[in-house]
Amino acid sequence: MINQLSWKVGGQQGEGIESTGEIFSIALNRLGYYLYGYRHFSSRIKGGHTNNKIRVSTSQVRSISDDLDILVAFDQETIDLNYKELHDKGIMIADAKFDPKQPEDTNAALFAVPFTEIATELGTSLMKNMVAVGATCAVLNLDIKVFEEVVQEIFGRKGQQVVDKNMEAIQAGFDFMKEKLSDDVELMELEKADGLKRLFMIGNDAIALGALAGGCRFMAAYPITPASEIMEYLIKKLPALGGSVIQTEDEIAAVTMAIGANYAGVRALTASAGPGLSLKMEAIGLSGITETPLVIVDTQRGGPSTGLPTKQEQSDLMAMIYGTHGEIPKIVLAPSTVQEAFYDTAEAFNLAEEYQCPVIVLSDLQLSLGKQTVEPLDFSKVEIRRGKLVAEELPEIENKGYFKRFEVTEDGVSPRVIPGMKNGIHHVTGVEHDETGKPSESAANRNAQMDKRFRKIENIKFNTPVHKNAPHEDADLLIVGFNSTRGAIEESMSRLEQDGIKVNHAQVRLIHPFPTDEILPLVKSAKKIAVVENNATGQLANIMKMNVGHAEKVHKLLKYDGNPFLPHEIHTKCKELF
Amino acid sequence: MATFKDFRNNVKPNWCPGCGDFSVQAAIQRAAANVGLEPENLAVVSGIGCSGRISGYINSYGFHGIHGRSLPIAQGVKMANRDLTVIASGGDGDGFAIGMGHTIHAIRRNVNITYIVMDNQIYGLTKGQTSPRSAAGFKTKSTPQGSIEQAISPMEMALTAGATFVAQSFSTDLKDLTAIIEAGIKHDGFSLINVFSPCVTYNKVNTYDWFKENLTKLSDVEGYDNSSRELAMQTLMKHNGLVTGLIYQDTERKSYQELLSGYSETPLSQADLELDQAHFDKLAAEFM
């Protein structure tokens with residue numbers, strides 16, 4: 001019996017690779033296993049190698065596994081590109097149709113199963129994916145009944161006959177493979193899971209659901225990888241709440257429309273990836289100086305320019321903190337799990353209204369698109385707090401004076417009224433302005449308004465600004481990361497502990513303003529610091545040095561080839577520090 | 001009920017004496033009063049440039065945004081509160097150069113707002129460079145040999161983009177301009193109003209006198225029918241775009257908000273932000 005399995009299915013894009021992985025993982029998730037799925041794909045519709053690597057475990061996993069147990073291949077390219085991940089007892093199950101060839105330098109066994117032929121005999125070659133799922137079940141000694149429910153859901157609307165045929169295809173794959181498996185092939189039977197119902201979602205699902213829960217009722221966005229799922233989800237769900245999504249003509253329209261909607265009192269969102277964020281920067285400055293709440297999601301991908309549009313990277317960090325010309329108060333959050341993506345997106349809307357500034361929810365491709373099992377989301381933890389939004393009637397202002405929308409206050413936050421409110425009339429402008437919003441260039445006013453705006457974020461209240469796992473008072477090593485590197489860091493940590501290295505871990509969740517007070521004690525008590533990040537210049541490491549100091553301890557552990565960190569990579573590189 | 005004086009504030013415009021924009025400001029104030037608005041129910045969103053300052057000179061909610069982006073901001077405001085009257089405004093550089101993409105798409109989206117362009121065929125605030133509305137041969141600081149680019153024809157462009165309300169006016173004709181802005185506000189959909197608003201400082205060609213000489217009132221064009229897109233296009237081409245009046249109106253097509261399924265009939269800004277637990281549970285269950 002094993003408690004963890006790594007399974008990968010690969011082929012040409014557009015061949016149904018994704019749905020094969022989907023069916024396999026949904027069924028196992030419902031049995032109570034924890035799953036983690038990561039897709040390798042290209043920026044094209046059809047053709048090109050794609051694969052879906054799925055990890056199944058009896059405990060939480062949030063990282064791609066180092067190696068592979070089973071590789072399901074729909075073409076030779078899949079074998080050639082991926083067989084090296086297989087361990088010695090790994091198994092390749094390949095479609096007999098392409099006459100699969102066994103690579104020389106592996107002990108993993110190759111089984112040719114006529115996926116296409118069996119499927120065609122049963123009615124249509126489209127069902128070859130089902131045959132492959134069935135063949136996998138034989139290796140796992142898994143009863144194919146677990147797929148009945150999922151197959152029913154997916155094909156039910158096409159009629160019972162289609163459902164039955166697909167189940168037959170799974171059965172046929174199972175039977176064929178079972179026959180082929182000889183006694184000397186070790187079955188990979190998973191320990192029984194706890195059977196509890198959990199969510200299975202990508203980060204973008206959680207971001208979108210978090211937005212809904214957090215009161216977002218309008219979104220303006222432009223399609224882009226890897227952010228589009230957020231708008232696609234909200235397009236489906238917002239109408240039931242009276243809201244809507246506008247697919248705008250460009251990224252600038254998306255952000256400025258969201259600013260207009262927020263100004264007029266709706267919680268509005270925009271989401272994009274690096275190229276879109278670059279275009280939105282001027283408008284983010286407008287949100288800052290006009291103190292208009294705004295929530296922006298940045299799902300980082302490989303940059304610069306079009307860069308690696310379907311690959312993992314974390315290189316927008318500095319741009320998100322310092323981007324936009326001039327200086328504005330801003331909040332940048334970086335959830336590191338799907339759960340956190342949900343809670344942080346919902347909370348971003350509160351922060352945006354409480355501090356009346358742009359809030360960027362930073363994600364990355366691995367978090368946004370990686371699909372993981374999620375413990376039930378606690379909706380009661382989601383609050384709606386609207387800060388100093390004025391709800392009560394206002395007194396008349398004499399001589400057509402304007403409402404002091406930008407009143408200089410002790411905490412820097414001014415009362416906010418929205419259009420439509422009697423006696424609340426004021427002006428809003430991206431030009432430096434006085435307390436009523438009228439343009440003013442005086443030095444005294446400039447200082448008063450700049451100071452006021454920056455006072456707002458001096459004492460940000462944010463629950464758990466750093467996810468800490470710090471068992472050691474004095475650690476040999478502190479590993480620091482943000483966003484999706486968390487899973488790989490956690491796995492490398494336990495291996496380093498086995499090597500006798502005392503490791504603490506800090507995953508920064510509130511990136512800006514930087515939670516120096518939270519991190520400093522961990523930095524002080526560690527001999528060395530490894531900052532793990534998917535970029536080439538060590539952006540988080542540099543921010544650490546800037547805010548926390550102790551630059552001599554900081555080591556950059558970088559990867560920028562488009563692929564997420566694997567646990568063994570972090571393990572090896574951290575060991576090299578000692 | 002509010003009068004046009006209620007839409008005046010105590011801010012003195014920083015426009016040059018004689019600038020056409022003064023009349024546009026007065027016309028908006030009059031039109032707002034004439035259609036029965038209260039100042040708090042009007043939001044004026046403007047872009048950058050001399051004319052962009054207009055949102056600060058009207059006693060209403062005003063949002064002075066960034067260059068070329070008044071339209072998406074204004075559409076966002078309207079989507080958030082459908083009960084507000086929203087006017088977007090700016091110059092010809094704002095709307096037909098840096099913001100042209102938004103102009104075309106706002107036209108075809110047909111959100112129920114009014115867009116007033118103060119068209120002076122030049123960049124004034126940056127002290128006299130060519131604009132997309134400058135005629136070929138027009139000499140400016142940025143085109144010392146005379147512009148070698150073709151001027152944009154915004155009215156024809158609007159018609160081809162599927163506009164439902166296209167009008168043009170001249171800033172000295174306060175009565176006509178006020179009536180057109182009123183009609184634009186009342187139009188259920190996107191209304192584009194281009195106003196010839198001469199720059200007395202930097203444009204020595206397209207002056208008040210020049211416009212008086214060259215403009216044709218559509219009311220003087222025999223048999224003109226503003227419900228005919230074909231006639232509108234022909235007339236514009238014949239007069240090189242130099243006509244004033246309501247050029248075209250489509251009263252059949254519904255506005256974006258009317259067509260949008262599920263869109264709240266009450267202002268979205270007043271929506272209850274709390275989801276109930278059952279609704280949330282249903283959403284979460286879809287991921288199991």
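So, which strand of chain B pairs with β10(B) in the antiparallel sense, and over how many bridges? That's β7 of chain B, residues 165-170, and the pairing runs over four bridges. By pairing I mean that DSSP finds at least two bridges between two strands.

Before I go on, some housekeeping. This is a predicted model, where local features need pLDDT of at least 70, side-chain atom pairs count only at pLDDT 80 or more, and totals for chains, interfaces and linings use all residues. Residues are numbered from 1 along each chain as its sequence is written, with chains lettered from A and ligands numbered from 1 in the order in which they are written.

Okay, chain B as a whole. Its secondary structure comes to ten helices and ten strands. Those are DSSP runs, H or I over at least four residues for helices, E over at least two for strands, numbered from the N terminus. The C-alpha atoms fill a box of roughly 70 × 45 × 40 Å along the principal axes. The radius of gyration of chain B is 20 Å, which agrees with the value near 19 Å for a compact globule of 288 residues. That radius is taken over C-alpha atoms, and the globule rule is 2.2 Å times the number of residues to the power 0.38. Of those 288 residues, 51% are buried. Buried means 20 or more other C-beta atoms within 10 Å of a residue's own, exposed means 12 or fewer, partly exposed is in between, and C-beta atoms are placed from the backbone.

Back to β10(B). Six of its seven residues are buried. On the β7(B) side, Val166(B) has Tyr248(B) as its bridge partner. β10(B) also pairs with β9(B), residues 216-217, this time in the parallel sense over two bridges, and there Thr216(B) is partnered with Val243(B).

β10(B) also helps cover a helix. In α8(B), residues 229-238, the buried residues are Ala232(B), Thr235(B) and Leu236(B). They fall within an arc of 100 degrees seen down the axis, so they line one face of the helix; the arc uses directions from the helix axis to the C-beta atoms. Their cover includes α5(B), 154-160, and β10(B), 243-249. On the other side, Glu230(B), Gln234(B), Met237(B) and Lys238(B) are exposed. After the helix comes Asn240(B), with a positive phi near 55 degrees.

Now, where do the two chains meet? The contact takes 57 residues from chain A and 49 from chain B, with contact meaning C-beta atoms, placed from the backbone, within 7 Å. On chain A, the elements giving two or more residues include α7(A), α9(A) and β15(A). α9(A) gives the most, with nine residues. By class, that side of chain A has 32 nonpolar, 14 polar and eleven charged residues. Here Ala, Val, Leu, Ile, Met, Phe, Trp, Tyr, Cys and Pro count as nonpolar, Asp, Glu, Lys and Arg as charged, and the others, Gly among them, as polar.

There's strand pairing across the chains too: β15(A) and β2(B), residues 61-64, are parallel over three bridges, and His427(A) stands opposite Gly62(B).

Last one, α7(A). Eleven of its eleven residues are buried, so it is largely enclosed by the rest of the structure. Among them are Asn204(A), Asp205(A) and Leu209(A). Gly215(A) follows the helix, with a positive phi near 90 degrees.

Definitions and conventions: Two residues are in contact if their C-beta atoms, placed from the backbone, lie within 7 Å.
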